[in-house]
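Me: Please take a close look at the cavities inside this protein. I would like to know what surrounds them.

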Amino acid sequence: MSAPTHTVTNQPPPLVGYDIYAADAALVEGVARHASPEALPEIRTELSELGKAAGSAQAQRWGTQANTYPPVLRTHDRYGNRIDEVDFHPSWHRLLGHAVSAGLTDAWSRPDGHLRRAAGFLVWTQAEAGHGCPVSMTHAAVPALRAEPALAAEWEPRLTSRVYDEELLAPGVKPGALFGMGMTEKQGGSDVRANTTRAEPLAADGEYLLTGHKWFCSAPMSDGFLVLAQASPGRGKGGLTCFLLPRVLPDGTRNVFLIQRLKDKLGNRSNASAEVEFCGTWARRVGEEGRGVPTIIEMVAATRLDCATGSAAVMRQAVAQAIHHAAHRSAFGGPLIDKPLMLNVLADLALESEAATTTVLRLAASYDADTDAERQFRRIAVPLAKYWVTKRTAALTAEALECLGGNGYVEESGMPRLFRESPLNSIWEGSGNVQALDVLRALQRDPQAFDAFLREIGLSRGADHRLDAAVKSLLTELADLTSLEARARRLVERMALILQGSLLVRFAPPAVSDAFCASRLGGDWGVSFGTLPHSLDLGAIVERARPTA
């Protein structure tokens, strides 16, 4: 029973029981913009069902439990037999099962598949981000496997299945499968060509035994993994090669997959990331010997886009929580959302979130179109988005947390979990320098890719003088070929902002595009969020981003 002096007032209600998809105007409009008209009604229904599930109290409880009770490694059973299994809380399996049943591993076999999957990934990740790792890698493994048609025919139906089974069983027995990836080693990090794992060919064509280690192997309970290893010269030319490594062999026995320990990570705690050892581990070759990086890069490109999409999801949830809190919390004589300075902060956060969402949807739609021109565009635009969107997430989430004050610093608010998640995607699948140098290589080696980028941003020519000036300045800077590597981050940041500005000028309401171009491209902006020009229509920007429970 509460004491009469302890009546709880002026606290916002939980942001729960709402449709995460329908409450996001930028997402709804982006899906409608890129989807084929005949498929749009079905896509809207599908995403709304997922949005209601993601916004439910049940899904929020699953997310909390999956992170409160992180995975536990069991190297041996009670009798001393080596089993190398990871136990997850049941809520992890519920989240993962819902993602699979919603088609978040199936983008390759249906019309508008990448768009609807990216939108669904953005929605469902807001319930909990960690389980998105195996979802992402399973989706991304498909194009890499297609380098070996026989393997693709065998495994692709399993990877795109809507059925989730947590048990480790022989691949032929399971109706669906999940994939992981192992490239990074202690001595090499992002320099995967320094990998030392060895692959010795067996008598059967395409079969090898691997010996070595992987410093980071995410989702170690997956059914299969794409890994890199150095093939010994023999029947083939040898060199760094891509392999498919199953956890369970076709005869139902366990493959040699020694989990040495799980990483104790800053965030992403619901997901198991492991150090693993291979010791005579059976694997099948994917693609040609010596072509490991070009083979697996198809998987890396898809996971990089998911890094940007997952970051856009974290941004959106952080902004939604901040606006919801400010709308229901009063201070200094009125609701926080009506205070001019708080309105400026919220509008600035909303701009960043909408720009991220608009960018990742454009790239997802590019995969669906998949013309030569779109492939050239993605060659530059994917690492641009991976670099910029993921880097903006930590700063945005920290500011959104501050909007809740001390309440935001308390675990129960959910904001600390978002904050711990926020730096992850800028590190996974190549950190900032790797992305910047990848863009630089494209600029230097593939003029068609830059031409495709220029065609894309050229669609908004003349719509905003600040955007036009930014493009002109970029071209001037690119004409100077001195010290390009040292300037790579500066160039990539500018290109990413120009791409986002061009998309918002074309597709967003004038209040949004005007504020973005004035601040990000016109220079009328400070170092921190909340420094937009006061003359802008900040109220319209915030109202557009406001979630309705």
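Reply: What follows describes the cavities first, then a buried residue and a pair of helices. The model is a predicted one.

Rolling a probe the size of a water molecule over the atoms shows where empty space is left. The count here comes to 4 cavities of 30 Å³ or more.

The largest cavity has a volume of about 90 Å³. Its lining consists of Asp24, Ala25, Ala26, Arg316, Val319, Ala350, Ser353, Glu354, Thr357, Arg544 and Ala545. At least two residues of this lining come from each of α1 (25–34), α8 (292–328), α9 (340–369) and α18 (538–545). Helix α9 supplies the largest share, 4 residues. Sorted by character, the lining of the largest cavity has 5 nonpolar, 2 polar and 4 charged residues.

The second largest cavity has a volume of about 70 Å³. It is lined by His114, Arg117, Ala118, His139, Ala302, Leu305, Asp306, Thr309, Ala364 and Tyr367. Two or more of these residues come from each of α5 (113–124), α8 and α9. For the second largest cavity, α8 gives the most, with 4 residues. The lining of the second largest cavity divides into 5 nonpolar, 3 polar and 2 charged residues. Helices α8 and α9 thus appear in the account of the largest cavity and in that of the second largest.

Two residues of the second lining, Arg117 and Asp306, lead to serine 136. Serine 136 is in contact with Arg117, Phe121, Thr303 and Asp306, leaving aside its neighbours within four places in sequence. This serine lies in helix α6 (residues 132–145). Its relative accessibility is 8%, so serine 136 counts as buried, the cut-off being under 20%.

A pair of helices can be examined in a similar way. Two packed helices are described by the angle between their axes and the distance between the axes. For helix α10 (residues 372–403) and helix α16 (residues 488–507), the axes come within 9 Å and cross at roughly 100 degrees. The two helices are therefore roughly perpendicular to each other. On the α10 side, the contact is made by Phe377, Ile380, Ala381, Leu384, Tyr387, Trp388, Val389 and Lys391. On the α16 side, Arg489, Val492, Glu493, Met495, Ala496, Leu497, Leu499 and Gln500 take part. Together the residues of this contact divide into 12 nonpolar, 1 polar and 3 charged.

Definitions and conventions:
Residues are numbered from 1 along each chain as its sequence is written. This is a predicted model: local features need pLDDT of at least 70, side-chain atom pairs count only at pLDDT 80 or more; totals for chains, interfaces and linings use all residues. Side-chain values use heavy atoms; hydrogens and water are left out. Axes are lines fitted to C-alpha atoms, for helices over the stretch in contact, and angles run from 0 to 180 degrees between N-to-C directions. Angles under 35 degrees count as roughly parallel, over 145 as roughly antiparallel, 65 to 115 as roughly perpendicular and the rest as oblique. Contact means heavy atoms within 4.5 Å. Ala, Val, Leu, Ile, Met, Phe, Trp, Tyr, Cys and Pro count as nonpolar, Asp, Glu, Lys and Arg as charged, and the others, Gly among them, as polar. On a 1 Å grid over the protein atoms alone, a cavity is a set of points where a 1.4 Å probe fits but cannot get out, and a pocket is an open set with protein on both sides within 12 Å along at least five of seven lines; lining residues have an atom within 4 Å of a point. Grid points are joined across faces, edges and corners, and a volume is the space filled by probe spheres set on the points. Buried means under 20% relative accessible area, exposed over 50%, partly exposed in between (1.4 Å probe, protein chains only).
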